[in-house]
Amino acid sequence: MVSVLPRAAKLGGMALNLLFPQRCIGCGQEGDLICSSCCSSLPRVMPPLCPRCGRPQPNGILCSNCVSWSAEIDGIRSPFRFDGVMRQASYQLKYRNLRALAAPLAQMLNNYLVTNPVPGEVLVPVPLHQKRLKERGYNQSSLLVKELAKLSSLPAMDDCLIRQRHAPPQARTSTVDERQSNVAGAFTSRDQRLRDKQVLLIDDVATSGATLNACAVALKAAGACSVWGLVLAREI
Ligand SMILES: [Zn+2]
Ligand SMILES: [Zn+2]
């Protein structure tokens, strides 16, 4: 009986696939969730970059925002701009329960890390507040970390950071200072395992980097020696 259940589930999955074949979220073509053609046209963040925030910056020097930003996050990197198919992908992963996207998206993060190494020996997802986690049923950043851990062989530490306050959604027009004070103190950590660790913090999307920085404050207070952020897509 025990062995019948997974088999039935598998057959059910196959039947479901026949009825509703998997389609590319960009162009609708049957096959992969992001087809090779849409994949090759994804909007990439092209160097030279500001070494801190990772936004494109002529000559690769600190951008004007970062010159005056006393950040705890050591650096932020992102393979893609939050645009086009990548915008659709993060929407589907976050709000439409398309959890299967986590695997191909984590593969993209891993490919990026191979060619653009970022310091990190443990993977930590940006957590959701408990209330939001209950509503959504999953944390999209945890899904990415789970898949990335398999590909990169870096260990995942999914529960070392706690979001103690849910900040209201940030208006696109809010300034960097407003965003910073909005999330300041929203995270906490007391995990001993973080001591002297290089943390690679993972999220799906970043805008100003204020959330990543607030996480970095908590992770360093718990003993992390460095915190870099790696996000799938960046609003630029
Ligand atoms: Zn496509
Ligand atoms: Zn910068």
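# Notebook: zinc sites, core, pocket and odd backbone spots

I began with Glu-178, which lies in helix 8, residues 176–183. The model I am reading is predicted. I looked up how open Glu-178 is to the surroundings and found it partly exposed, with a relative accessible area of 45%. I then checked a partner from further along the chain. Ala-210 is 32 residues away from Glu-178 in sequence, and their C-alpha atoms are separated by 9.3 Å.

**Entry on zinc, ligand 1**

Which residues are the protein donors of the zinc ion (ligand 1)? I found Cys-24, Cys-27, Cys-35 and Cys-38, each through its SG atom. These donors lie 2.3 to 2.4 Å from the ion. I next looked at the angles. The 4 donor atoms around the zinc ion (ligand 1) subtend 105 to 115 degrees, which makes the arrangement tetrahedral. For that label I needed a cut-off: four donors count as tetrahedral if all angles lie between 85 and 135 degrees. Along the sequence I noted the donor spacing as C-x2-C-x7-C-x2-C. Cys-27 sits in the loop between helix 1 (4–19) and helix 2 (36–40), while Cys-38 is in helix 2, so this pair ties together parts that are 11 residues apart in sequence.

Are Cys-27 and Cys-38 buried or exposed? I have Cys-27 as partly exposed, at a relative accessible area of 47%. Cys-38 is buried, with a value of 8%. Buried means under 20% relative accessible area, so Cys-38 falls in that class.

**Entry on zinc, ligand 2**

I went through the zinc ion (ligand 2) by the same steps. Its protein donors are the SG atoms of Cys-50, Cys-53, Cys-63 and Cys-66, lying 2.3 Å from it. The angles among the 4 donor atoms are 105 to 117 degrees, and the site is tetrahedral. The spacing of the donor residues of ligand 2 reads C-x2-C-x9-C-x2-C. I then placed two of these donors: Cys-50 and Cys-63 are both in the loop between helix 2 and helix 3 (64–67), and the pair links parts of the chain 13 residues apart. Cys-50 is buried, and Cys-63 is buried as well.

I stayed in this loop for one more item. Pro-48 also lies in the loop between helix 2 and helix 3. A cis peptide bond joins Pro-47 to Pro-48, with omega at about 5 degrees.

**Entry on the nonpolar core**

How many residues does the largest nonpolar core have? I noted 37. Those with the most contacts inside this core are Ile-34, Met-86, Leu-101, Leu-105, Leu-123, Leu-200 and Ile-202. I then looked up where the core residues come from. At least two each are supplied by helix 4 (84–95), helix 5 (102–115), helix 7 (140–152), strand 6 (198–206) and strand 7 (226–234). Helix 5 gives the largest share of the core, 7 residues.

Strand 7 led me to Arg-234, which lies in that strand. I found Arg-234 buried, with a relative accessible area of 1%. I also checked Arg-234 against Pro-79. The two are 155 residues apart in sequence, and 8.1 Å apart in space from C-alpha to C-alpha.

**Entry on a pocket**

I turned to the second largest pocket, whose volume is about 180 Å³. I listed 13 lining residues, of which Pro-127, Leu-128, Leu-133, Asp-158 and Leu-161 are the closest to the pocket centre. Helix 6 (130–136) and strand 4 (162–163) are the elements that give two or more residues to the lining. Sorted by class, the lining has 6 nonpolar, 4 polar and 3 charged residues.

**Entry on positive phi**

I closed with two backbone spots. Which loop holds Asn-97? I placed Asn-97 in the loop between helix 4 and helix 5. Its phi is positive, about 65 degrees, although Asn-97 is not a glycine. Asn-97 is partly exposed, with a relative accessible area of 46%.

Ser-153 also has a positive phi without being a glycine, at about 60 degrees. I placed Ser-153 in the loop between helix 7 and strand 4. Ser-153 is exposed, with a relative accessible area of 64%.

How values were computed: Residues numbered from 1 in each chain as written. Chains lettered and ligands numbered in written order. Predicted model: local features only at pLDDT ≥ 70, side-chain atom pairs only at ≥ 80, totals over all residues. Heavy atoms only, no water. Donors = N, O, S within 2.8 Å, 3.2 Å for Na, K, Ca; no water. Tetrahedral: all angles 85-135°; square planar, octahedral: opposite > 155°, others 65-115°. Helix = DSSP H or I, 4+ residues; strand = E, 2+ residues; numbered from the N terminus. Buried < 20%, exposed > 50% of the residue type's maximum accessible area, 1.4 Å probe, protein only. 1 Å grid on protein atoms, 1.4 Å probe; cavity = no way out; pocket = protein on both sides within 12 Å on 5 of 7 lines; lining within 4 Å. Points joined across faces, edges and corners; volume = space filled by probe spheres on them. Nonpolar A, V, L, I, M, F, W, Y, C, P; charged D, E, K, R; others polar. Core = buried A, V, L, I, M, F, W, Y, C linked by side-chain atoms within 4.5 Å.
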